[in-house]
Every structure is written in C-alpha cells, then in structure tokens.
Amino acid sequence: MNNDSVFQVALNTLNNAGKIGNIDKRVLDVLQAPKRIYQFRIPMKLDNGSFEVFQAYRVHYCDALGPCRNGTRIRPALTLDEIKALGLFMTIKHCAADIPAGGAKGGIKADPSKLTENEMERLVRAFVRNLTPKGPWADVPGADIGTGEQAMAWMLDEYEQITGIHCPAAINDKPPVLGGSLGGEAATGLGVFIVLMAAAQDIKMDVTKASAAVQGFGQVGSVLASLLCKEGCKIKAVSDVYGGIYAEAGLDIESLKEHVAATGKVSGFAGSKEITNEELFALDCDILVPAAVQNVIHKGNAGDIKAKLIVEGANGPVTTEADALLTAKGVTIAPDVVANSGGATVCHFERTQGLSDQYWDLETVNAKLETRILKAYHDAADTARKFKVSSLRTGAWIHALQKLEKAMKFRGWV
Ligand code: NAD
C-alpha cells in the first residue's frame, strides 16, 4: 500500500473540486481541517492480568448540514490522519446523498483479533464514556472496520445507562432488535452494486458478459461479489488481507463464502490459484472493485490496471495521482462518496425509524436505498457534465460543495 497521507488525498480532491466548481474560498477554508477533534487514551486491565493504554479519537469534521454522524474504526494501524480523512469523506458523502447530517468518524487504535469479547465490550463502553455523548442531535457514532452490531449494541447500552433514557437514534448500526434498520449490514455492498450497474450502463458495458476483480472480502466486498456473480459477471479474482485467489473461468462466490466462513481467509479455495493483492490489480478484467483499505491504487500501480471501470467500495482507495492517470486513460471511476454511500444512507433510515418508532420492512429499505443512491450517482454525473469534467469524483464533490456553500452562507458562517 502507498503511504501517502489519505487526509492529504481527501484535501487534494476537495481543493480541486472547489476550484473547478468555483466554490467560495471561505467555504474551502472552513473545510481544510475538522471543526473539532477529541483525543483520549483508554487505560485497561486485560483479562490475562496485563495492562494496556489504547489511543482513541473522534473527529467532528463539519456539521453545517446537521448533526455529526457515523463510523467507529478499530484497527491496530489506526491514525488520526485516517480519521480526519474519513470525517471529510462522511461530510461529502452525506451531502452527495442528500442526507441532512454532518460528517464524523472515530476510532480506537487496537487489534480486535487480539482482544477477548469481554475486553472488546469494556473498550467500546469506555469509548462512549470518554466521549461524553451528546445524543442524536449532536453526534451519532456508527460502525466501521473492526466494529459491528454487537459493538454498537454495547455503545447504545452504555449511552442509555449514562443518560437514563432509551434513545435508539443515539447510535447507528445497531441490531434490529434494539432499533437498528433491516438491510443495514448489506447496505453498502448493495449500494456499490447498484452504482456499478448504473456506471456500466453509462459506459455501455454489459455486466453479464464482463469480468471483475474484487479486493476485500468483508462486509462490502463479499455482498458486492455475490450480487455481481448472480448478475452473470465473471469474478476472476478476490483477495483479503492475507492474499488473493484467481480462476480464469470465474469463482463460485457462494462456495467461496462458505470456505471463508470455515477458514477465515480466501486462500486455499478449491480450483483457484494464489495471487498477491498487487497481481489482482493488474489482471485482465473489465471491472475492478477495491473494497478493503485506502491508497491501494497509486501512481506505482495505476499504469498496470486494465479495467475500464473502477467502483470504490473502500474509502479513498485511489490516490490523487492515480486518479489523474486513470481518468486520462479513459477509465471510469465511480467514487467512494457515491459508490459506498449505501451504509450511510441506511444509517439515515435507521435514525428516521428510531426517531419515529416506526420500523420498515426490508423491501421498503432496499427500494428507498436504490432511489437515493441512483440519484446521488446521477447528480454526480450531471454535475460532471455541467462542469465539462470526465471525473465523476469531481462531479460528486462539486455537487456536495455547492450544498455546503449554501448551508454555510444561510448560517452566516462565511
Ligand atoms: P471488513 O472488515 O468487513 O472487510 C475488510 C476486508 O478487506 C477483509 O476481507 C480484509 O481481509 C480485507 N483487507 C483488510 N486490509 C487489507 C489489505 N491491506 N489488503 C487487502 N485486503 C485487506 O470491512 P468492510 O466493512 O467490508 O469495509 C471495507 C471498506 O469499505 C473499508 O474501506 C470501509 O471504510 C469501507 N466502507 C465500509 C462501509 C460499511 O458499511 N461496511 C461503508 C462505507 C465504506
């Protein structure tokens, strides 16, 4: 992976779109850094008697459009730089998807695979206590890499223990039994698939005759790969943090899911050949979906990419230089702020349901998701056309920045 600052990559995108979109310089000045950063350390006695202090962050990037929302990432290599970038991405993602929310992200530098369940529970409860939660109209944490519905359930319970009131809208990505939305877990992968199909149609690519490679086989990558495979697309390669697998005739994704459930990794799947993550990017295929981590497509490997369509399941997987190289080559990139906004969109539905105490069936959630994410995609494409740029990313960011500009002006901030 390229070690460029992912926050710098996000700022480059912001400033480039701001310039092309003629966005008020004062708005761009506001967005050069987060509004507020919380940093704290969580001391913890581990179950084996040892002791560790965990670094934690919560970034409120911008709340011009509404309360700060989403994302709590737990991973060993976590940095504040990454959390700031993700906070900015969330700000833009909410605008691009017409969600009345600000952007936030938080995280704990820890390795979930090395923590017992008991330690994990104490860690996320301590995270909520240290945040001194301000509730659904100020800051709503959700899940991200290393956290899921169990962690969010503990967070909600801790919040409700502190405040003494039930408030399902205070935390996102909870299990449905505690007020979470149906369809939440699959929402991002489904959204990536819907955007991929729309982008393929625009470039006249027949997905049923196309081939694809998917990096990352977690919550996003596995759902996307499964839907794409059912559509008839040949998934030639899939990878995870341990490496990748390849089969020229295409992988059977449902069997692969069983293999991963049994072994914890994609490697060793019957009938496939082992490849590296770098080899996956250079494969001869039509569609590439990076759905793992940031900065994986960079100037060092962009030249090797043969795919004509890249759909960003991960946040920030393509660096600024790689984006320019690929766009110049005529590659269509469906950007993260649109392509992976399905999770943020269903979090918005989760909040709406929590605040109203009315819960929707899965068909309603998925139908509303499809309408919203397609609108976000077409808004980005229309804005790109209007400003005569070929980059959908620039189109999406200009569309979002125009909205932020309006909101900041009405508020009297700029
Ligand atoms: P996950 O933890 O469920 O899965 C991540 C996958 O990527 C795993 O297969 C893991 O082995 C693999 N991976 C991790 N590091 C890797 C590396 N260095 N090289 C190759 N593979 C690697 O996470 P997820 O929820 O699927 O999220 C994947 C990406 O999508 C992240 O960038 C996340 O920020 C983004 N995203 C997720 C959601 C969501 O709702 N889950 C929403 C928006 C964006």
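Let me open with one pairing, in which T72 stands opposite G106 in β5; and before going further I should say that what we have here is a predicted model.

That pairing belongs to a set of strands around β5, so I will stay with β5 for a while. β4 and β5 are joined in the parallel sense over 3 bridges, and β3 also runs parallel to β5, joined to it by 2 bridges, with C68 of β3 having G102 as its bridge partner in β5. On the antiparallel side, β5, which covers residues 102–108, is linked to β2 by 6 bridges, and there A56 has I108 as its bridge partner, while R58 stands opposite G106. As for burial, 7 of the 7 residues of β5 are buried: G102, A104, G106 and I108 point one way from the strand, G103, K105 and G107 point the other way, and all of them are buried.

Moving outward to β2, residues 51–62, we find a strand that is mostly covered, with 9 of its 12 residues buried. Besides β5, β2 has β1, residues 36–45, as an antiparallel partner over 10 bridges, and within that pairing I37 stands opposite V59 of β2. The hairpin formed by β1 and β2 has 5 residues between the strands, and in it G49 adopts a positive phi near 95°.

Still in this region, I would draw your attention to G71, which lies in the loop between β3 (68–69) and β4 (72–74). Is G71 buried or exposed? Its relative accessible area is 3%, so G71 counts as buried. If we set aside the neighbours within four places in sequence, G71 is in contact with R58, K105, G106, G142, A143 and D144, and R58 and G106 are the pair I mentioned a moment ago as standing opposite each other between β2 and β5. The C-alpha atoms of G71 and L86 are 8.4 Å apart, with their positions 15 residues apart in sequence.

Let me now turn to the other sheet I want to describe. This is an open sheet of 7 strands, with mixed pairing, in the order β10-β9-β8-β7-β11-β12-β13. The edges are held by β10 and β13 (332–334), each of which has a single partner strand, so one side of each is left without a neighbour in the sheet. From one strand to the next, the twist averages 20°. Inside the sheet, β8, residues 234–240, pairs with β9, residues 243–246, in the antiparallel sense over 4 bridges, and S239 is found opposite G244 of β9. Packed on the sheet is helix α7, residues 219–230, which touches β7 (211–215), β8 and β11 (287–290), and whose direction makes about 170° with that of β7.

A glycine is worth a remark here too, namely G271, which is found in the loop between α8 (253–263) and β10 (273–275). G271 counts as exposed because its relative accessibility is 77%. In space G271 and I245 are 9.4 Å apart, C-alpha to C-alpha, although they are 26 residues apart in sequence.

I will finish with two helix pairs. In general, two packed helices are described by the angle between their axes and the distance between the axes. For helix α4, residues 117–131, and helix α5, residues 149–163, the angle is about 45° and the axes are 9 Å apart, and the two helices are therefore oblique to each other. The crossing of α4 past α5 is right-handed. On the α4 side the contact is made by E117, M120, E121, V124, R125, F127, V128 and R129, and on the α5 side by A151, W154, M155, D157, E158, Y159 and I162. By class, these residues divide into 9 nonpolar, no polar and 6 charged.

The second pair is helix α6, residues 187–202, with helix α13, residues 362–386, which pack at an angle of about 45° with their axes 10 Å apart, and that makes α6 oblique to α13. Here, too, the crossing is right-handed. Where do α6 and α13 meet? From α6 come A187, L190, G191, I194, V195, A198, A199 and D202, and from α13 come N366, L369, E370, I373, L374 and Y377. This contact of α6 with α13 has 10 nonpolar, 2 polar and 2 charged residues.

Conventions. Residues numbered from 1 in each chain as written. Predicted model: local features only at pLDDT ≥ 70, side-chain atom pairs only at ≥ 80, totals over all residues. Heavy atoms only, no water. Buried < 20%, exposed > 50% of the residue type's maximum accessible area, 1.4 Å probe, protein only. Pairing = 2+ DSSP bridges. Axes fitted to C-alpha atoms, helices over the stretch in contact; angles between N-to-C directions. Parallel < 35°, antiparallel > 145°, perpendicular 65-115°, else oblique. Left-handed = near helix turned anticlockwise from the far one by under 90°. Contact = heavy atoms within 4.5 Å. Nonpolar A, V, L, I, M, F, W, Y, C, P; charged D, E, K, R; others polar.
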